[in-house]
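Reader: I am new to this structure. Please choose one part and take me through it closely. Start with the whole, so that I can place the part in it.

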Amino acid sequence: MHETPEDLAWLQRLLDDSYAAAGRHLRSVVTEERRLDAAGVVAELGAMRVMALATATAAGEPRVGPVDGLFYRGRLHFGSGADSLRFRHIRARPAVSASVIDGERLQVTVHGRARRVDPATDPALTAFLVGVYGQRAWDEWLGALPWARVEPDRMITFLNRSARRG
């Protein structure tokens, strides 16, 4: 776990505020007992999960694709190619939505803005990413990728404790 007590308090406020603002239908599916608290989100997301990340084209058309979702300090991080459509969209229109889904067992959905981050200026983030991918992969190609994190406006969680891990 890389989250500080302040990160966990912030994340819990985000989860509570997001749930309070949710519509009636969502709250009928994601009942109080099916929500994750901040510590539960940290425990479930671990170091890396495949995440569906949605961006928008200049015409406002949605585009979604998988990325490595890395949960660090209470926020989802991801990398992609500098010339990828994903980062071109983000540079022009930073609004994103993302979901980590594990079958019918787990869902964490976040809506917010992608913000570029530079691991070279954050040794702790670099150490985290190297810990996930290994020094060789980092040195050979991952360290050269652009990275971003989702600064969430909303985060909704769902955990079906009776479902099996996918």
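**One helix and its surroundings**

Author: Along the sequence, the protein chain runs α-α-α-β-β-β-α-β-β-α-α-β. That makes 6 helices and 6 strands. Helices (H or I, at least four residues) and strands (E, at least two) are DSSP runs, numbered from the N terminus. The radius of gyration is 16 Å, close to the 15 Å that the globule rule gives for 166 residues, so the protein chain is as compact as a globular protein of that length. That radius is taken over C-alpha atoms, and the rule is 2.2 Å times the number of residues to the power 0.38.

This is a predicted model, in which local features need pLDDT of at least 70 and side-chain atom pairs count only at pLDDT 80 or more, while totals for chains, interfaces and linings use all residues. Residues are numbered from 1 along each chain as its sequence is written, and side-chain values use heavy atoms, leaving out hydrogens and water.

Some overall values come next. The C-alpha trace spans about 45 × 40 × 30 Å along its principal axes. Of the 166 residues, 44% count as buried. Buried means under 20% relative accessible area, exposed over 50%, and partly exposed in between (1.4 Å probe, protein chains only). Of the contacts with a separation of 6 or more, 67% join residues 24 or more positions apart. Contact means heavy atoms within 4.5 Å.

Now the chosen part: helix H4, residues 85–92. Which of its residues are buried? They are Arg86, Phe87, His89 and Ile90. Seen down the axis of H4, these buried residues fall within an arc of 155°, so they line one face of the helix. The arc is that of the directions from the helix axis to the C-beta atoms. An α-helix has 3.6 residues a turn, so residues three or four places apart point the same way. The face turned away from the buried side of H4 carries Leu85 and Ala92, both exposed.

What does the buried side of H4 pack against? Its partners are strands S1 (49–56), S2 (62–72), S3 (75–79), S4 (95–102), S5 (106–117) and S6 (147–159).

Two of these strands, S2 and S3, have a loop between them, and arginine 73 is found there. Its phi is near 55°, a positive value in a residue other than glycine. Arginine 73 is partly exposed, with a relative accessible area of 33%.

Helix H5, residues 123–133, buries Leu125, Thr126, Phe128, Leu129 and Val130. Those residues pack against S2, S3, S5, S6 and helix H6 (135–140). Glycine 134 follows H5, with a positive phi near 95°.

Helix H3, residues 38–45, has 6 of its 8 residues buried, so it is largely enclosed by the rest of the structure. Ala38, Gly40, Val41, Val42, Glu44 and Leu45 are the buried ones. Just after H3, glycine 46 has a positive phi of about 55°.

Glutamate 44, in H3, is buried with a relative accessible area of 13%. Beyond its neighbours within four places in sequence, glutamate 44 is in contact with Leu36, Arg49, Arg105, Leu106, Leu159 and Arg165.
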